[in-house]
Amino acid sequence: MKALYALAHEPQIGAACVVALSPPRLSYSWFCSSPDGPVFLATHAEADQLVTAGNPLALLDVKLPLPFVITAAGFVEKYGPDERYNYLRFAASVPCPVLITLGSVEVANNMAFRGAPEAVQALAGRYKHLQMETIAGADHFYAGVRDVAVDCVERWLRAGPLGEPGA
């Protein structure tokens, strides 16, 4: 997700292509509309209250969209309603070929990935430089199927995302 963000906002970086392995969908609206929306909204409200009260560095033990510890300001920045880091909003602006991979296990089990394959496929239908592959049996770390993920990326590169087959 960070590479997609950087390339979309600073195209002069000049990457030949990019492979985004399991970028999380950091979408406030998506999280709010999910079955776990109330829990997410409660966490966001807590983070926002801490920031407003002048305590932006307070640590939150977050459960959704995934369990981790983050500062209140970090949570608001990353998961806020402006959706600054929702790669679906800027992936089409990346000026080079893009392959996005997602794991079927993470898609099924984590709200940051649910619905993402369909959303990316819809974008790819409009922007030919975007492609998406779902790796069967893959969790976020591709445990046990890394060879399948590597084969997928190699196939994509051999197909010529740079405009030259086998490049």
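**Figure 1. Glu 83, a buried partner in a salt bridge.** In this predicted model, Glu 83 is buried, with a relative accessible area of 4%. A residue counts as buried when that area is under 20%, so Glu 83 falls in this class at 4%. Which residue does the side chain of Glu 83 meet in a salt bridge? The partner is Arg 89, at 3.5 Å from N to O. Arg 89 itself is exposed, with a relative accessibility of 55%. Here, then, a buried Glu 83 pairs with an exposed Arg 89.

**Figure 2. Arg 84 and Glu 77, two partly exposed side chains.** Let us turn to another pair. The side chains of Arg 84 and Glu 77 form a salt bridge, with 2.6 Å between N and O. Buried or exposed, or in between: where does each of them fall? Arg 84 is partly exposed at a relative accessible area of 39%, and Glu 77 is partly exposed too, at 34%.

**Figure 3. Lys 63 and Asp 61 in a salt bridge.** In this view, the side chain of Lys 63 meets that of Asp 61, and the N to O distance is 3.1 Å. Asp 61 is exposed, with a relative accessible area of 57%. Lys 63 counts as partly exposed at 49%, because the exposed class begins over 50%.

**Figure 4. Charged side chains across the chain.** Side chains of opposite charge can pair when their charged atoms come close. How many salt bridges does the chain have? The count comes to 4, among them the pair of Arg 84 and Glu 77. The chain carries 12 positive and 16 negative side chains. The centres of these two sets lie 3 Å apart.

**Figure 5. The fold around these close-ups.** The chain contains 7 helices and 5 strands. Following the sequence, you meet them in the pattern α-β-α-α-β-β-α-β-α-α-β-α. The radius of gyration is 17 Å, close to the 15 Å from the globule rule for 167 residues, so the chain is as compact as a globular protein of that length. Its C-alpha atoms fill a box of roughly 55 × 35 × 25 Å along the principal axes.

**Figure 6. Inside and outside of the chain.** Of the 167 residues, 41% are buried. Among contacts with a separation of 6 or more, 65% come from residues 24 or more positions apart. On the outside, the chain exposes about 8600 Å², and carbon and sulfur atoms supply 58% of that area.

Note on methods: Residues are numbered from 1 along each chain as its sequence is written. This is a predicted model: local features need pLDDT of at least 70, side-chain atom pairs count only at pLDDT 80 or more; totals for chains, interfaces and linings use all residues. Side-chain values use heavy atoms; hydrogens and water are left out. Helices (H or I, at least four residues) and strands (E, at least two) are DSSP runs, numbered from the N terminus. The radius of gyration is taken over C-alpha atoms; the globule rule is 2.2 Å times the number of residues to the power 0.38. Buried means under 20% relative accessible area, exposed over 50%, partly exposed in between (1.4 Å probe, protein chains only). Contact means heavy atoms within 4.5 Å. Accessible areas come from the Shrake-Rupley method with a 1.4 Å probe; for residues, only the protein chains shown count as cover. Lys and Arg count as positive and Asp and Glu as negative; His and the chain ends are not counted. The place of a charge is taken as NZ of Lys, CZ of Arg, CG of Asp or CD of Glu.
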